[in-house]
Amino acid sequence: MATSCEKMKKIQGHPCFGGNHHKNGRMHLAVAPKCNIKCGYCTRRHDCANESRPGVTSRLLSPEEAIVGVREVMASPVTGPIIKVIGIAGPGDPLFNDETFETFQLVDREFPDLIKCMSTNGLLLPDKMPILKALGLHSLTVTLNTLDPVVGGKIYSYVHYQGTTYSGSEAGEILVRNQLEGIRQAAELGMTIKINTVLIPGVNDAQIPLISNKVKELGAFVMNIMPLIPQADFAHVEPPSAERLDALRRDNEKTIGQFKHCKQCRADAVGLIGENLQLTVATEG
């Protein structure tokens with residue numbers, strides 16, 4: 001893994017981990033369609049050019065199409081100089097799709113200086129950690145919404161793990177256990193870890209300080225408390241106010257650094273944070 005000096009240099013270039021987000025950009029490759037859990041706040045049924053929402057993509061890419069897109073973006077005089085990070089964040093869970101690893105291998109072969117970043121629900125982290133180590137993954141984002149399996153049962157409709165589908169607190173217990181062990185292992189390997197926590201008012205409010213303390217203890221670098229986007233099973237829940245979010249971030253900043261300029265990006269976002277440039281990849285045929 002990278003030395004501490006190299007690691008800090010990369011962090012400074014990563015807009016989603018506290019780097020200069022006005023200068024440095026990222027490119028998300030939507031190559032991972034399948035997901036192994038069902039979050040109550042997630043829906044991927046809708047897409048429009050002006051929509052910015054996790055899990056949304058205009059089209060899925062194969063690994064071969066993805067590397068073509070990276071070549072085009074890096075060759076552009078507009079985007080090439082600002083793109084520092086290649087991330088895979090969906091639209092499903094990257095660890096549940098072999099295309100994720102194929103894509104990272106292709107990117108590393110042609111663009112070894114780009115930071116490789118992944119966002120995951122963490123269910124398969126302990127199982128896939130040897131692969132991530134071999135890939136030289138630098139940055140890892142884990143969405144961790146609770147430490148309590150009972151609360152997890154309220155947030156997740158089901159968890160599909162090792163051929164079996166679980167629900168309720170049993171699903172929550174498996175997911176939380178694997179998330180925490182995966183975070184521990186990733187920190188041990190020297191990966192830079194960000195924790196995304198979706199604040200669902202009335203459901204996981206009390207979990208926020210518990211999560212911040214636990215992930216700091218395990219070696220996470222920064223935490224991102226995100227507001228609920230009311231949709232799917234939580235369409236009736238009023239999202240937290242900006243004042244409520246700010247207060248939570250201030251309180252938990254005493255424990256772990258807080259990421260405050262997240263725009264809850266699409267799975268195919270390209271450019272600076274807050275930008276959603278449309279990538280058009282030509283297909284052969």
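Okay, let's start with one pair of residues: in strand E5, the bridge partner of Cys117 is Ser139. Before I go on, please keep in mind that this is a predicted model.

So where does that pair sit? Cys117 and Ser139 belong to a pairing in which four bridges join strand E4, residues 115-120, to E5, and the two strands run parallel. Now, how many residues of strand E5 are buried? Five of the five, across residues 139-143, so E5 is largely enclosed by the rest of the structure. You can see that on both sides of the strand. Ser139, Thr141 and Thr143 point one way, Leu140 and Val142 point the other way, and all are buried.

Let me zoom out for a second. The protein chain has eight helices and eleven strands. Of its 285 residues, 52% are buried. And if you take the contacts with a separation of 6 or more, 76% of them come from residues 24 or more positions apart.

Here's a small example of sequence and space. Pro33 is in the loop between strand E1, residues 25-28, and strand E2. Pro33 and Thr100 are 67 residues apart in sequence, yet their C-alpha atoms are 9.8 Å apart in space. Is Pro33 buried, exposed or partly exposed? With a relative accessible area of 29%, Pro33 is partly exposed, because buried would need a value under 20% and exposed a value over 50%.

Next, the core. In soluble globular proteins, nonpolar side chains tend to be buried together. Here the largest nonpolar core has 66 residues, and the members that touch the most others are Leu29, Val70, Leu132 and Ile195. Which helix gives the largest share of this core? That's helix H6, residues 168-188, with seven residues. Let's pick Leu132 and look around. Leaving out residues up to four places away in sequence, Leu132 touches Leu95, Phe101, Met118, Leu125, Leu137 and Met191.

H6 also takes us to a sheet. There's an open sheet of three strands, in the order E2-E6-E7, and the pairing is antiparallel. On the edges you find E2, residues 37-39, and E7, residues 164-166, each pairing on one side only. From one strand to the next, the twist averages 20 degrees. If you look at E2 and E6, three bridges join them, and Lys38 stands opposite Tyr158 in E6. H6 lies across E2, E6 and E7, and runs at about 60 degrees to E6.

Last stop: helix H8, residues 242-253. H8 has twelve residues and reaches 16 Å from its first C-alpha to its last, close to the 16 Å expected at 1.5 Å a residue. Which residues of H8 are buried? They are Leu245, Leu248, Arg249 and Asn252. Seen down the axis of H8, the buried residues fall within an arc of 100 degrees, so they line one face of the helix. What do they pack against? Strand E8 (192-199), helix H7 (207-218), strand E9 (222-227) and strand E10 (257-258). Then turn H8 around: the face turned away from the buried side carries Glu243 and Arg250, which are exposed.

That's the tour. If you want to try one view yourselves, look down the axis of H8 and find Leu245, Leu248, Arg249 and Asn252 on the buried side, then Glu243 and Arg250 on the face turned away. Thanks, everyone!

Definitions and conventions: Residues are numbered from 1 along each chain as its sequence is written. This is a predicted model: local features need pLDDT of at least 70, side-chain atom pairs count only at pLDDT 80 or more; totals for chains, interfaces and linings use all residues. Side-chain values use heavy atoms; hydrogens and water are left out. The expected span of a helix is 1.5 Å times one less than its number of residues. Buried means under 20% relative accessible area, exposed over 50%, partly exposed in between (1.4 Å probe, protein chains only). The arc is that of the directions from the helix axis to the C-beta atoms. Contact means heavy atoms within 4.5 Å. A nonpolar core is a set of buried Ala, Val, Leu, Ile, Met, Phe, Trp, Tyr and Cys residues joined through side-chain atoms within 4.5 Å. Two strands pair if DSSP finds at least two bridges between them. Axes are lines fitted to C-alpha atoms, for helices over the stretch in contact, and angles run from 0 to 180 degrees between N-to-C directions.
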